[in-house]
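Here's a quick briefing on the charged pairs and the main pocket in this one. Have the model open while you read.

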Amino acid sequence: MTDPVQELLDHFQQSDARSWVTRTGRRSISSAQADPLRRDLLTTRLKLSLPGPPDNLWQATDLMGKIEIDSDADLRLLHSPAGPEVSLGLSMGFEQMLARAMELNLERRLAEMDLGEACERGDLRAFANVIFDQIGVERQWELCHGLEPKFGAEWDEHFCLISALIEGDDLRFELPIAGSATRVEVRIPKGLTLRLGLTARGWASLKRMLGGTKARHIAGAMARIAASSGEMAAGSAVPRPLAEAAFTSGESVLFSTFTRLAPSQAEMSMLAGNLSASLARDAGLPGVNPGGEAPFAQAYVHAIYFGSRLESAAGSVRMARRGHRRAESDSARYGQYVIRAVLQKLFNGGRTVAVRTNGVPLSANETARIGERLAKAMASSAKAD
């Protein structure tokens with residue numbers, strides 16, 4: 001692609017560098033002269049996707065990103081002198097300038113960012129705002145001059161799901177001209193889009209910092225928004241059950257594999273094959289806690305489906321608490337909806353438990369039956385050992 005800044009310099013090479021230029025067909029010369037922001041102005045079409053081939057992606061340790069511009073851009077020379085200094089200068093180039101800034105800013109580490117609350121709530125707007133602020137787009141590029149970006153999420157081949165649209169009449173930055181004191185101001189009325197994401201190492205860092213449940217919650221929020229309109233709703237927080245469900249279905253299966261926040265098929269098979277025996281050992285069966293499988297299993301299933309402690313569990317309160325703790329541990333490791341799928345396959349004839357829009361079951365009767373069948377399987381496993 002021809003460098004649009006060089007096009008502007010070529011334009012001045014063919015004319016008096018001190019003359020005023022107007023946009024063809026849009027403004028009169030007298031109008032251009034009256035407005036100092038329109039002096040030496042040239043409008044050119046910018047359609048860029050940066051970085052270009054072969055990678056099409058800037059990738060740092062924890063963060064990765066790209067820039068998309070598809071807009072008319074207004075270019076004007078600042079402090080433009082007459083003579084060969086302008087006509088012989090060479091542009092530093094959009095690609096180089098934006099690349100240097102992007103590569104520098106993306107080196108920010110997640111450990112330096114306060115992402116805990118946003119991840120816990122599944123609030124993608126808050127999550128994106130923290131990253132956007134920390135990589136210093138406004139501070140270092142002087143790019144958006146106080147404009148609020150419009151955040152969303154869209155599917156992307158590199159899993160740069162977070163999109164930040166920056167737009168407005170005040171969107172501008174300056175490019176230096178190599179070997180000259182002259183600079184070129186670039187104004188982009190329709191804006192540009194930054195696409196951001198976490199690298200596989202970044203997701204591992206987030207999981208290490210905050211735990212699997214919170215990391216999976218924000219990842220599921222991204223997946224859910226990307227699978228819908230791609231825009232943020234008025235309430236930007238996505239409830240955890242909905243995030244978990246989004247993270248284990250559709251296109252997000254590849255995303256969950258990339259982030260390594262969901263178990264592989266091999267891990268799923270191992271979980272299903274060993275669940276009863278593993279829970280029996282955790283419950284202290286056989287011998288140590290005879291009869292403890294019932295309160296343990298009911299508390300475990302209730303926590304997986306309702307996310308709360310089963311206060312009225314029959315039998316040992318101590319065993320019910322142990323079952324609840326094990327459910328929390330398994331949910332953090334695998335995800336609630338993964339455990340639900342295993343329980344339904346093994347103890348509900350493969351039928352999915354009907355739930356409300358917030359992910360809570362319509363009735364506790366079906367989950368109670370799953371708990372009963374799980375308890376019997378735990379007892380059988382204990383006898384077999």
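**Salt bridges and the largest pocket**

Arg-195 has a relative accessibility of 3%, so it counts as buried. Keep in mind that this is a predicted model. The structure holds 15 salt bridges, and the bullets below walk through three of them, then turn to the pocket.

**Arg-195 and its partners**

- Arg-195 pairs up with Asp-156 in a salt bridge, at 3.5 Å from N to O.
- That pair links distant parts of the chain, 39 residues apart: Arg-195 is in strand β9 (residues 192-198), while Asp-156 is in the loop between β5 (150-153) and β6 (162-166).
- Asp-156 counts as buried too, because its relative accessibility is 10% and the cut-off for buried is under 20%.
- Neither residue is on its own here: Arg-195 and Asp-156 belong to a network of salt bridges that also takes in Lys-66, Glu-68, Glu-154 and Glu-157.

**Asp-62 with Arg-109**

- Asp-62 and Arg-109 form a salt bridge, and their closest N and O atoms are 3.2 Å apart.
- Here the link runs from loop to loop, across 47 residues: Asp-62 is in the one between β2 (58-59) and β3 (63-78), and Arg-109 is in the one between α4 (94-105) and α5 (116-121).
- Asp-62 is buried, with just 2% relative accessibility, whereas Arg-109 is partly exposed, its relative accessible area being 32%.

**Glu-120 with Lys-214**

- Glu-120 and Lys-214 bring their side chains together in a salt bridge, with 3.9 Å from N to O.
- Glu-120 sits in helix α5 and Lys-214 in helix α9 (residues 212-227), so this pair ties together parts that are 94 residues apart in sequence.
- Both ends are partly exposed: Glu-120 has a relative accessible area of 48%, and Lys-214 has one of 27%.
- As for the general idea behind such contacts, side chains of opposite charge can pair when their charged atoms come close.

**The largest pocket**

- The volume of the largest pocket is about 360 Å³.
- Its lining is made up of 15 residues, and the ones nearest the centre of this pocket are Thr-248, Ala-262, Pro-263, Gln-265 and Met-268.
- Three elements, α11 (252-259), α12 (265-282) and α15 (336-347), are the ones that give two or more residues to the lining of the largest pocket.
- By type, that lining splits into eight nonpolar residues, five polar and two charged.

Note on methods: Residues numbered from 1 in each chain as written. Predicted model: local features only at pLDDT ≥ 70, side-chain atom pairs only at ≥ 80, totals over all residues. Heavy atoms only, no water. Salt bridge = Lys/Arg side-chain N within 4 Å of Asp/Glu carboxyl O. Helix = DSSP H or I, 4+ residues; strand = E, 2+ residues; numbered from the N terminus. Buried < 20%, exposed > 50% of the residue type's maximum accessible area, 1.4 Å probe, protein only. 1 Å grid on protein atoms, 1.4 Å probe; cavity = no way out; pocket = protein on both sides within 12 Å on 5 of 7 lines; lining within 4 Å. Points joined across faces, edges and corners; volume = space filled by probe spheres on them. Nonpolar A, V, L, I, M, F, W, Y, C, P; charged D, E, K, R; others polar.
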